[in-house]
Amino acid sequence: MDLPITISHELIRSFKRRLQTDGPWDSWERMQLSHQVALHTLIDDFDQLQSLKYLSKVEPLPHQVEAAYRVVHEMNGRAILADEVGLGKTIEAALIMKEYLIRGLAKKILILTPSSLVTQWTAELNQKFDIPAVAQKKAYMWKQYDILVASLDTAKREPHRSHVLEQEYDLIIIDEAHKLKNKKTNNWQFANQLKKKYCLLLTATPIQNELHEIYNLVTLLKPGHLGGERSFQAQYKDGKRKAKNTSILQHEVGKVMIRNRRKEEQNNEVQRIVTNIPCKFSPIEQAVYERLEDLLQHYRELTETQVPSLPLLILQREFCSSKEAAFSTLINYYNQAPASSTFRSELEQVAQELQQITMHAKAMKMVELVREMNDKVIIFTEYRATQNMLQKILYDHGIRSVPFRGGFRRNKKDWMRQLFENHAQVLIATEAGGEGINLQFCNQMINYDLPWNPMRVEQRIGRIHRVGQTRDVQIYNLYMEQTVEEDILQLLYEKIHLFESVIGQLDDILERLKLNHSLEEEIEAIFHQSDQAGERRLKLFNLQEAIRVTSQLISNP
């Protein structure tokens with residue numbers, strides 16, 4: 001049945017007149033509408049998070065809600081969000097942002113991230129939290145948009161720097177804030193100049209090497225909270241990394257920092273399953289590795305005046321990765337060596353032998369493993385030359401892969417991630433792939449070579465072992481037998497179970513060990529100061545025993 005429809009503009013005109021004269025509001029219908037508007041905007045309990053009522057596309061976990069509540073009600077909007085990798089610091093920050101927007105306490109907001117995360121942040125704020133954030137691309141956007149996501153590297157450069165520093169922001173969020181740990185860097189000085197009412201610093205590693213790093217981060221949030229530099233050093237520091245009065249320091253830092261740990265918060269149904277896969281050199285590769293061992297010993301016997309100071313141990317590590325990674329370093333050493341030295345001629349002979357190697361045994365094991373998986377996998381390598389080599393080998397075997405590294409522009413990184421998710425089976429990443437990006441649609445990872453800093457391994461694993469992962473995480477570690485790789489894997493990672501449990505509390509362990517160096521520097525010192533493989537293994541064994549015992553003391557106080 002057709003119904004006649006008429007449009008009357010009188011209601012609109014009448015409503016506008018009443019708005020101008022503030023009444024009369026004697027209509028029951030109008031009163032009901034006014035009442036509904038008042039109820040909608042009413043904050044009935046200011047001590048509760050209002051933002052939770054308006055989240056239809058994401059359900060924060062309890063620890064994320066608690067973190068947001070503490071920042072808003074106890075920390076006055078200035079906090080370090082230092083949850084372990086994968087526990088959802090971005091969700092916590094977005095929840096806090098939403099809360100301040102709803103309460104009318106924030107309008108002008110700036111989010112600074114690594115360039116590879118700009119698109120990811122923008123998408124999550126829009127899609128999950130209905131926050132109209134925009135990715136910064138042009139200089140005029142600093143003033144035109146209220147909620148902007150930008151690269152820290154872009155923001156600190158002119159002409160952008162001047163535009164940013166003249167703005168007054170209600171809220172500033174800085175992701176991967178461990179890049180602000182050094183007070184002398186441009187990053188720290190730029191962040192310190194930003195005009196801000198509220199500020200959130202996000203980092204999974206608030207302390208990486210020195211105790212002073214946490215002082216610098218806290219100073220960005222609340223200058224003077226830990227005193228001046230001299231008073232901080234006198235009250236809390238005993239050397240670069242050793243702390244004193246730790247209970248007082250922890251209490252003061254706890255007023256501005258929230259740190260949730262995976263062992264307390266992570267869904268126990270998702271486990272890490274670690275598989276170590278040994279690889280054996282081909283005869284020609286074994287001969288080259290042994291020659292590098294002899295070369296290292298020869299180098300130690302020479303005086304400093306005969307050859308330049310060259311860490312030849314790096315060559316062994318690189319050769320365990322690929323001949324391509326080792327070759328460029330070898331040429332650099334060759335060019336620096338005295339022209340008439342026997343050392344230089346030995347380097348030249350090793351370079352010739354490297355060129356005779358046609359295939360790397362570890363690379364072939366990687367291809368075999370990827371084929372067996374028949375699913376998406378991330379491969380991490382320390383070296384760009386190895387990354388290029390792996391991509392070529394995978395292509396030769398009919399396996400689609402995409403690279404991911406720090407030198408790519410933001411758009412290219414976003415493109416590589418999308419290609420990996422929708423088309424390619426393999427993402428080959430250097431250390432830049434261990435920073436920030438969410439790849440929980442994948443649950444398998446290959447450490448083609450391992451760094452000497454376990455915190456970097458945790459960053460890698462955190463790309464797939466994070467909030468939202470529904471499958472067990474498979475971690476495969478490839479290593480060359482009877483090499484420095486085997487020593488590091490077995491004595492540092494495997495025997496103290498760093499992959500499964502200890503790494504989450506590594507910062508506590510290192511604090512109690514009171515090492516004179518960072519863990520990575522301690523390991524390097526062991527290798528450089530050991531003349532024989534047996535001596536090296538004994539020192540590594542002593543180190544892993546110290547870590548293991550300290551871990552047990554922390555777990556069972």
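Which residues is Thr-113 in contact with, leaving aside its neighbours within four places in sequence? In this predicted model, the list runs Val-118, Trp-121, Val-149, Ala-150, Ser-151, Leu-152 and Asp-175. Thr-113 sits in strand E2 (residues 109–113), and the notes below start with the whole chain before coming back to that strand.

**The chain as a whole**

- The protein chain contains 25 helices and 13 strands.
- Of its 557 residues, 52% are buried.
- Among contacts in the protein chain with a separation of 6 or more, 75% link residues 24 or more positions apart.
- About 26,900 Å² of the protein chain is exposed, with carbon and sulfur atoms supplying 49% of that area.

**How far to trust it**

- Mean pLDDT for the protein chain comes out at 81, with 83% of the residues at 70 or more.
- Residues 499–504 have pLDDT below 50, though in the model this stretch still has 24 contacts beyond near neighbours in sequence.
- Where pLDDT is low, the predicted coordinates shouldn't be read in detail.

**Nonpolar cores**

- The largest nonpolar core has 59 residues, and those with the most contacts inside it are Met-97, Ile-111, Trp-121, Leu-125, Ile-173, Leu-200 and Ile-378.
- Helix H4 (residues 89–102) is the biggest giver to this core, with seven residues.
- Another core lies apart from it and has 50 residues, including Leu-315, Leu-347, Val-350 and Leu-478.
- Back in the largest core, Ile-111 is in contact with Met-97, Trp-121, Leu-125, Ile-147, Leu-148, Val-149, Ala-150 and Ile-173, once its neighbours within four places in sequence are left aside.

**Strands E2, E3 and E4**

- Thr-113 of E2 counts as buried because its relative accessibility is 1%, under the 20% cut-off.
- E2 and E4 run parallel and are joined by five bridges, with Leu-110 opposite Leu-148 in E4.
- Strand E3 (residues 134–135) also runs parallel to E4, joined to it by two bridges; here Val-134 has Leu-148 as its bridge partner. So Leu-148 turns up in both pairings, opposite Leu-110 on one hand and Val-134 on the other.
- What makes E4 (residues 147–151) largely enclosed by the rest of the structure? Five of its five residues are buried, so that's the reason.
- Looking at the directions in E4, Ile-147, Val-149 and Ser-151 point one way, while Leu-148 and Ala-150 point the other way.

**Strands E9 to E13**

- E9 (residues 377–380) has two parallel partners described here: E11, over four bridges, and E12, over three bridges.
- On the E11 side, Val-377 has Val-426 as its bridge partner; on the E12 side, Ile-378 is partnered with Met-445. Ile-378 is also one of the residues with the most contacts inside the largest core.
- E11 (residues 426–429) is covered on both faces, with Val-426 and Ile-428 buried on one side and Leu-427 and Ala-429 buried on the other.
- E10 (residues 401–404) pairs with E11 in the parallel sense over four bridges, and Phe-404 stands opposite Ala-429.
- Going from E10 to E11 with helix H20 (residues 410–422), you get a right-handed β-α-β unit.
- In E12 (residues 444–447), Gln-444 and Ile-446 point one way, Met-445 and Asn-447 the other, and all are buried.
- E12 pairs with E13 (residues 473–480), again parallel, over four bridges; Asn-447 is opposite Asn-477 there.
- The chain gets from E12 to E13 through helix H21 (residues 454–461), and this β-α-β crossover is right-handed too.

**Two loop residues**

- Ser-322 lies in the loop between helix H15 (313–321) and helix H16 (323–336). Is Ser-322 buried or exposed? At 0% relative accessibility, Ser-322 counts as buried.
- Not counting residues up to four places away in sequence, Ser-322 touches His-360, Thr-386 and Met-389.
- Gly-228 is in the loop between helix H10 (212–221) and helix H11 (229–236), and Gly-228 is partly exposed, with a relative accessible area of 38%.
- Gly-228 and Tyr-215 are 13 residues apart along the chain, and 9.5 Å separates their C-alpha atoms.

Definitions and conventions: Residues numbered from 1 in each chain as written. Predicted model: local features only at pLDDT ≥ 70, side-chain atom pairs only at ≥ 80, totals over all residues. Heavy atoms only, no water. pLDDT = per-residue confidence, 0-100. Contact = heavy atoms within 4.5 Å. Buried < 20%, exposed > 50% of the residue type's maximum accessible area, 1.4 Å probe, protein only. Right-handed = clockwise from strand over helix to strand, strands pointing away. Areas by Shrake-Rupley, 256 points an atom, 1.4 Å probe, with all protein chains shown as cover. Core = buried A, V, L, I, M, F, W, Y, C linked by side-chain atoms within 4.5 Å.
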